Amino acid sequence: MKLTNTFKKSFIALSTTSILMTGAAVSAELDIKFVNTTQGMALTPILVAAHDANTALFRVGETASAALETMAEGGDISPLKTELEAVGAVSLDLTSAPTLAGTTHMGSLDTGTNMYLSLTAMLLPTNDGFVGLDSWKIPSQAGTYTLMLNAYDAGTEVNNELIVPGAADELGIPGNPTGMGGVNGSGASSSEGNANIHIHPGNLGDTNAEGGFSDVDSRVHRWLNPVAKLVITVK
């Protein structure tokens with residue numbers, strides 16, 4: 001069957017419109033529920049970000065950026081937020097202070113034209129451990145989606161498991177919000193085999209409150225992945 005010229009033009013116009021609509025980014029309103037599922041680990045302020053395909057807070061197997069290192073070693077998310085703002089991403093401070101195990105946090109985010117979701121927060125007490133979500137494609141279909149999140153090692157600091165409060169640039173854990181653990185340990189590790197971002201090996205810890213090799217309590221601060229649950233409702 002031959003198409004008339006008028007029909008051909010209409011068909012091409014409709015096809016072009018369909019392609020443009022398919023490729024267009026659609027704004028999404030997200031309700032976000034985050035649950036710390038560990039037994040005794042705390043989290044620093046949690047950063048949630050919606051961004052494009054060319055942006056990432058971190059990439060597993062790659063070297064940590066300076067901004068990620070700042071977050072993973074000290075819990076400061078401001079450099080990451082600055083980088084996100086520079087590329088048109090939108091972010092949400094899901095929390096503003098360290099939170100303990102078992103805590104649930106709720107928030108909402110308008111993604112604008114951004115189609116990917118990422119999340120990060122430092123895991124305490126660790127040297128450079130963090131919970132992370134890397135560039136999850138936001139579904140176009142409304143509904144509720146549940147993700148389990150792993151803990152990663154930034155690869156920027158040796159996991160010596162020693163508490164060094166108030167020393168932002170010094171090797172050690174910046175704090176222990178749980179108040180459980182020891183002091184004056186000799187150090188759980190003196191070297192690392194992977195300088196890239198990787199799955200965190202977990203805390204070793206010990207039960208010696210006045211020495212041993214770690215300032216981390218093995219009865220409280222051991223964990224297995226995943227360490228958090230994220231429930232996202234796309235409206």
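Tutor: Let us begin with a term: a residue is called buried when its relative accessible area is under 20%, exposed when it is over 50%, and partly exposed in between, with a 1.4 Å probe and protein chains only. This is a predicted model, in which local features need pLDDT of at least 70 and side-chain atom pairs count only at pLDDT 80 or more, whereas totals for chains, interfaces and linings use all residues. Residues are numbered from 1 along each chain as its sequence is written, and side-chain values use heavy atoms, with hydrogens and water left out.

Student: How many helices and strands does the protein chain have, and in what pattern do they follow along the sequence?

Tutor: Helices (H or I, at least four residues) and strands (E, at least two) are DSSP runs, numbered from the N terminus. The protein chain has 3 helices and 10 strands, and reading along the sequence gives the pattern α-β-β-β-α-α-β-β-β-β-β-β-β.

Student: What percentage of the 235 residues is buried, and what area does the protein chain expose?

Tutor: Of the 235 residues in the protein chain, 45% are buried. Accessible areas come from the Shrake-Rupley method with a 1.4 Å probe, and for residues only the protein chains shown count as cover. The protein chain exposes about 11600 Å², of which carbon and sulfur atoms supply 54%. A contact means heavy atoms within 4.5 Å; among the contacts in the protein chain with a separation of 6 or more, 76% are between residues 24 or more positions apart.

Student: Which peptide bonds are cis, and where do their prolines lie?

Tutor: Most residues other than glycine have a negative phi, and most peptide bonds are trans. Here the bond from Leu124 to Pro125 is cis, with omega near 0 degrees, and Pro125 belongs to the loop between β6 (116-124) and β7 (129-137). Asn225 and Pro226 are also joined by a cis peptide bond, with omega about 0 degrees, and Pro226 sits in the loop between β9 (198-199) and β10 (228-234).

Student: What is the phi of Ser135 and of Glu161, and are these residues buried or exposed?

Tutor: Ser135 is not a glycine, yet its phi is positive, at about 55 degrees; the residue lies in strand β7 and is buried, with a relative accessible area of 17%. Glu161, likewise not a glycine, has a positive phi of about 60 degrees. Its place is in the loop between β8 (143-153) and β9, where Glu161 counts as buried at 3% relative accessibility.

Student: How many salt bridges does a search of the whole structure find, and which residues does Arg59 or Lys81 pair with?

Tutor: Side chains of opposite charge can pair when their charged atoms come close. A salt bridge is a side-chain nitrogen of Lys or Arg within 4 Å of a carboxyl oxygen of Asp or Glu, and the search finds 4 of them in the whole structure. In one, Arg59 pairs with Asp134, their closest N and O atoms being 2.9 Å apart. This pair links distant parts of the chain, with Arg59 in the loop between β3 (47-51) and α2 (66-74) and Asp134 in strand β7, 75 residues apart. Arg59 is partly exposed at 29% relative accessible area, and Asp134 is partly exposed at 27%. Lys81 forms a salt bridge with Asp93, again with closest N and O atoms 2.9 Å apart. Here too distant parts of the chain are linked, Lys81 being in helix α3 (residues 78-86) and Asp93 in strand β4 (residues 90-93), 12 residues apart.

Student: Are Asp217 and Arg219 buried or exposed?

Tutor: The side chains of Asp217 and Arg219 meet in a salt bridge (3.0 Å, N to O); Asp217 is buried, with a relative accessible area of 4%, whereas Arg219 is exposed, with 55%.

Student: How many aromatic pairs are there, and which residues form one aromatic cluster?

Tutor: Rings of Phe, Tyr and Trp (its six-membered ring) pair if their centres lie within 6.5 Å; planes under 30 degrees apart count as stacked, over 60 as edge-to-face and the rest as tilted. The count comes to 4 aromatic pairs. The rings of Phe130 and Tyr152 have centres 5.8 Å apart and planes at 35 degrees, so this pair is tilted. Because Phe130 lies in strand β7 and Tyr152 in strand β8, the pair ties together parts that are 22 residues apart in sequence. Both Phe130 and Tyr152 are buried. For Trp136 and Tyr145 the ring centres are 6.1 Å apart and the planes at 65 degrees, so the pair is edge-to-face; Trp136 is buried at 17% relative accessible area, while Tyr145 is partly exposed at 23%. Finally, Phe58, Phe130 and Tyr152 form one aromatic cluster.
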